[in-house]
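Hi,

Here is the structure I promised to pass on. Have a look at it, and then read my notes below.

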Amino acid sequence: MDKYKDRSQYIPTTEHLDMQERFRRAHESLMEQVKGSFERIAQTQEEDETALFISRSAVLSSATDLETKLCHAENMLELLRGTMERFTREFEEDTGRMMFSLMNENKELWS
C-alpha cells in the first residue's frame, strides 16, 4: 500500500473543520469572558472612584460643619468666661462693701 493512499492517518476534512470551529468558539468564549472581566473591573473602578469622591465630599462637609460648630462653641465659652468674670468681680465688690458695712456697724457697737 502506498503511503499516500493510506488515509487512516489523516483527519477527514469535515472533522478537521469541526475541530477548528470548536476551537474558534472556545477561543471566542474565552475572549468574551476576559473582555467581560475587564469591563467589570473598569466599572468597579469607576464606581469606587465615584464612591471615593462622594465619601471625600461628605467628610469635607462634615469637617466644615464640625469646624463651624467648634467656632460657635469657642465663642459661647468666651462669652460665658466674660460673663463669669463680670459676675465674680461684681460679687467680690458687693461682698467687700457688705463686709465693710458690717465692720463699720460692729465698730459702732463695740466702741
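**Salt bridges along the helix**

Glu-78 and Arg-81 pair up through their side chains in a salt bridge, with 2.4 Å from N to O. Keep in mind that this is a predicted model. Both Glu-78 and Arg-81 sit in helix H1, three residues apart, which is about one turn of the helix. Glu-78 is partly exposed, at a relative accessible area of 45%, and Arg-81 is also partly exposed, at 39%.

That pair has company: searching the whole structure turns up seven salt bridges. Another one links Arg-97 to Asp-94, whose closest N and O atoms are 2.3 Å apart. Again the two partners, Arg-97 and Asp-94, are three residues apart in helix H1, about one turn. Arg-97 counts as exposed, with 52% relative accessibility, because the cut-off for exposed is over 50%. Asp-94 has 42% and is partly exposed.

Salt bridges with shared partners also tie Glu-21, Arg-24, Arg-25 and Glu-28 into one network. Within that group, Arg-25 bridges to Glu-21, and their closest N and O atoms are 3.6 Å apart. These two are four residues apart in helix H1, so about one helical turn separates them. Arg-25 is partly exposed at 46% relative accessible area, and Glu-21 is partly exposed at 29%.

**The chain as a whole**

What does the secondary structure of the chain come to? One helix and zero strands. Helix H1 covers residues 13–110. Of the chain's 111 residues, 1% count as buried. The chain exposes about 10800 Å², and carbon and sulfur atoms supply 61% of that area.

**A nonpolar patch and an aromatic pair**

Which residues make the nonpolar surface patch of about 390 Å²? They are Leu-30, Val-34, Phe-38 and Ile-41. Ile-41 belongs to helix H1 and is exposed, with a relative accessible area of 54%.

As for aromatic rings, the search of the whole structure gives one pair. The rings belong to Phe-87 and Phe-91: their centres are 6.0 Å apart and their planes are at 20°, so the pair is stacked. The cut-off behind that label is that planes under 30 degrees apart count as stacked. Like the salt-bridge partners above, Phe-87 and Phe-91 lie in helix H1, here four residues apart, about one turn of the helix.

Happy looking!

Methods:
Residues numbered from 1 in each chain as written. Predicted model: local features only at pLDDT ≥ 70, side-chain atom pairs only at ≥ 80, totals over all residues. Heavy atoms only, no water. Patch = residues over 30% accessible without salt bridge, like charges linked within 9 Å, V, L, I, M, F, W, Y side chains within 5 Å. Areas by Shrake-Rupley, 256 points an atom, 1.4 Å probe, with all protein chains shown as cover. Salt bridge = Lys/Arg side-chain N within 4 Å of Asp/Glu carboxyl O. Buried < 20%, exposed > 50% of the residue type's maximum accessible area, 1.4 Å probe, protein only. Phe/Tyr/Trp six-rings, centres within 6.5 Å; stacked < 30°, edge-to-face > 60°.
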